[in-house]
Amino acid sequence: MYNNRLNNIMSNIVELIFILFFMFPLLWLLWTSVKEPLLAFQMPPVWIFKPTIKNYLEVLSRGPFLKSLGNTVIVAVGSSLITTILAIPGAYLLTRVRFKGRGILSMWTIVIRMAPPVAFILALYTWLRSWGLLDSYLGLIMVYQIISLPLAIWIIRAFFLQIPYELEEAATIDGANKYQIIIRVMMPLIKPGIVTVLILSFINGWNEFFYALIISGRNTRTLPVTIQSFVSDTGIEWGNLTSASIIVVAPVLVFSILVRKGFIKGLAAGSIK
Amino acid sequence: LNNTKSWSEKLFYILIILPFVVLSFLTLGPFIYSAYRSLFHWVAYDPGNIYFLGLENYIDIFQSRVFWGIMGRTFYQVSTTIVIQLVLAMIFALLLNRDELFMTRLNKKVFLLPMMTAPVVVSLTWKMLLNADMGMINYFLNLFGIKSFNWLASYQLAMPSIILVDIWRSTPFMVIILLAGLQSLPKEPFEAAIVDGAKKWQTFRYITLPLLAPTIFVALLFRAMDAFRRFETIFIMTGGGPGRSTETLNVHTYFQAFEYLKLGYGSALAVVLVLTMLAIALLLIRAFRQ
């Protein structure tokens with residue numbers, strides 16, 4: 001009994017260390033973002049101060065920052081919708097149609113998820129340029145399918161596999177066609193899966209940096225690329241940099257806390273089953 | 001009537017194949033194009049002057065000392081990251097699997113956050129934390145009487161710093177996979193172990209670990225591939241420097257293609273990167289089968 005309690009205390013302490021390690025950088029970011037600009041990089045750090053939203057107002061008053069905030073919303077929402085619309089029929093093919101090479105097709109989708117973007121970007125850059133799609137929302141939304149669609153297909157696939165086949169048979173006997181079966185029978189049953197995919201793809205598009213660095217431009221630059229250029233633009237203005245960072249991560253972190261359970265299920269499904 | 005039915009049936013098959021056509025068009029197509037272009041002399045500042053070289057780009061790569069240095073660093077980065085991460089993630093997952101603990105209930109709500117944070121923000125934040133003069137890491141070290149380090153500007157410490165940040169960012173992903181694995185283990189062997197009076201460590205070593213092996217393998221495979229592609233941390237925190245001490249194959253390829261504008265040579269490097277990753281994946285799969 002005594003031994004067990006000691007064990008629990010030790011375990012709690014180890015978990016506390018983990019949580020400090022994982023949360024400290026984010027808390028520091030938040031903490032620095034509400035400091036007076038001059039206090040931000042004073043050493044030793046000032047622990048007690050009156051919080052201010054000065055940095056946020058300053059960042060939000062910058063035209064380029066607001067423009068790229070808008071760009072990021074457009075690209076993230078657009079790519080997330082298209083990913084979800086494509087993932088549902090894709091997962092249907094992988095779970096409901098029997099054909100030779102289905103296993104290989106499923107594996108190949110996972111391989112794309114693991115492939116390095118640099119393997120595709122040279123050609124994509126050349127092609128998008130010749131089609132006039134460099135620095136366009138459409139180009140970014142298209143390219144973001146590479147990072148979002150494979151995972152989305154796998155998550156929906158895992159949810160489809162849990163639907164008993166009898167439901168579809170019954171619907172077929174009632175005279176429903178395949179479109180109706182997907183939209184009226186299957187989709188309502190996998191709502192949590194669809195929500196997970198929508199949010200996950202949104203986050204992918206919102207956070208993406210590598211492709212955006214190369215194929216976005218003055219008109220479509222997204223937030224990750226913009227705040228990265230803050231560093232050189234502003235020297236060591238940590239106040240602005242940290243508040244801009246908080247603006248970038250806050251929506252995503254709130255989302256991910258909200259959908260944590262479906263999210264963990266989806267990710268685990270995408271990698272284990 | 002028959003005609004419309006077959007028409008809508010055809011459309012249905014087109015729709016369910018479409019996602020894979022899109023994916024092929026965006027990945028397989030570009031990769032084949034890159035592989036083809038890797039056989040050419042092709043530089044961005046002289047687009048009119050493209051000519052066939054055969055395998056010369058590859059010969060250049062394999063004869064370059066820089067390339068082998070970069071390969072070595074890449075392997076060092078990938079293997080160190082995933083091994084440290086596996087140990088940490090395993091401890092963390094075992095703890096998170098014990099719902100009766102107070103901290104577990106708290107931790108489960110927040111442990112995903114590093115993974116969801118935009119990689120750019122992660123890199124910028126750690127760049128500030130690791131700052132030599134004004135960073136919190138040095139401040140804490142000084143509190144314990146340890147002198148400051150110039151983390152990102154030092155040949156010895158830059159790569160470990162990059163690895164630290166990657167561990168911070170992606171350990172939660174490994175935890176998710178291991179935790180899912182732990183929760184799907186059968187109960188019977190553990191009950192039998194308790195009846196037999198096995199110690200906790202023995203239970204872990206002889207029951208949990210073997211049963212969890214497939215999950216561990218998947219986690220390692222995913223994370224190894226992910227570590228190979230690591231870009232933001234290096235690009236933003238060190239830009240590959242100091243010297244080339246943090247330039248990995250992925251970052252090197254980017255620089256060759258988009259900074260030095262050597263598109264043909266860069267294509268060849270991209271092909272080498274993909275083949276290297278494939279080889280590592282196959283080796284891991286083979287090692288696991290045995």
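**Figure 1. Helix 3 meets helix 8 in chain A of this predicted model.** The axes of helix 3 (residues 63-96) and helix 8 (residues 178-189) of chain A come within 12 Å, and they cross at roughly 100°. An angle from 65 to 115 degrees counts as roughly perpendicular, and that is therefore how helix 3 and helix 8 of chain A sit with respect to each other. On the helix 3 side, the touching residues are A:I88, A:Y92 and A:R96. Helix 8 of chain A brings A:K178, A:I182, A:M186 and A:M187 to the contact. Sort these residues by type and you get five nonpolar, two charged and no polar. For any such pair, the angle between the axes and the distance between them are what describe the packing.

**Figure 2. A closer look at A:S80, a serine in helix 3 of chain A.** Is A:S80 buried or exposed? A:S80 has a relative accessibility of 5%, so this serine counts as buried; the cut-off for that label is under 20%. Setting aside neighbours within four places in sequence, A:S80 is in contact with A:L198, A:S201 and A:F202.

**Figure 3. A:L16 in helix 1 of chain A.** Helix 1 covers residues 2-33 of chain A, and A:L16 lies within that stretch. This leucine is partly exposed because its relative accessible area is 40%, and that label runs between the 20% and 50% cut-offs. For a sense of scale, try A:W47 as a second landmark: A:L16 and A:W47 are 31 residues apart in sequence, with 21 Å between their C-alpha atoms.

**Figure 4. Chain A as the backdrop to these views.** Chain A has 13 helices and zero strands, so read from the N terminus, every element in its run is an α. Its C-alpha atoms fill a box of roughly 70 × 70 × 35 Å along the principal axes. Of the 273 residues of chain A, 54% count as buried. Take the contacts in chain A between residues at least 6 apart in sequence, and 73% of them join residues at least 24 apart. As for the surface, chain A exposes about 12,400 Å², with carbon and sulfur atoms supplying 69% of that area.

**Figure 5. Where chain A and chain B come together.** How many residues of each chain take part in the contact? On one side there are 88 residues of chain A, and on the other 97 residues of chain B. About 8,200 Å² is buried between the two chains, and carbon and sulfur atoms give 81% of this area. Within chain A, A:E15, A:F22 and A:L122 supply 9% of the area that the chain buries against chain B, more than any other three residues.

**Figure 6. Helix 6 of chain B, largely enclosed.** Why is this helix described that way? Ten of the eleven residues of helix 6 (residues 119-129) of chain B are buried, so the rest of the structure largely encloses the helix. The buried residues include B:P119, B:W126, B:M128 and B:L129. Also among them are B:V120, B:V121 and B:V122, along with B:S123, B:L124 and B:T125.

**Figure 7. B:I146, out in a loop of chain B.** This isoleucine sits in the loop between helix 7 (136-143) and helix 8 (158-183) of chain B. With 38% relative accessibility, B:I146 counts as partly exposed. From B:I146 to B:V110 is 36 residues in sequence and 31 Å in space, C-alpha to C-alpha.

Notes. Residues numbered from 1 in each chain as written. Chains lettered and ligands numbered in written order. Predicted model: local features only at pLDDT ≥ 70, side-chain atom pairs only at ≥ 80, totals over all residues. Heavy atoms only, no water. Axes fitted to C-alpha atoms, helices over the stretch in contact; angles between N-to-C directions. Helix = DSSP H or I, 4+ residues; strand = E, 2+ residues; numbered from the N terminus. Parallel < 35°, antiparallel > 145°, perpendicular 65-115°, else oblique. Contact = heavy atoms within 4.5 Å. Nonpolar A, V, L, I, M, F, W, Y, C, P; charged D, E, K, R; others polar. Buried < 20%, exposed > 50% of the residue type's maximum accessible area, 1.4 Å probe, protein only. Areas by Shrake-Rupley, 256 points an atom, 1.4 Å probe, with all protein chains shown as cover. Buried area = accessible area lost by both parts, 1.4 Å probe.
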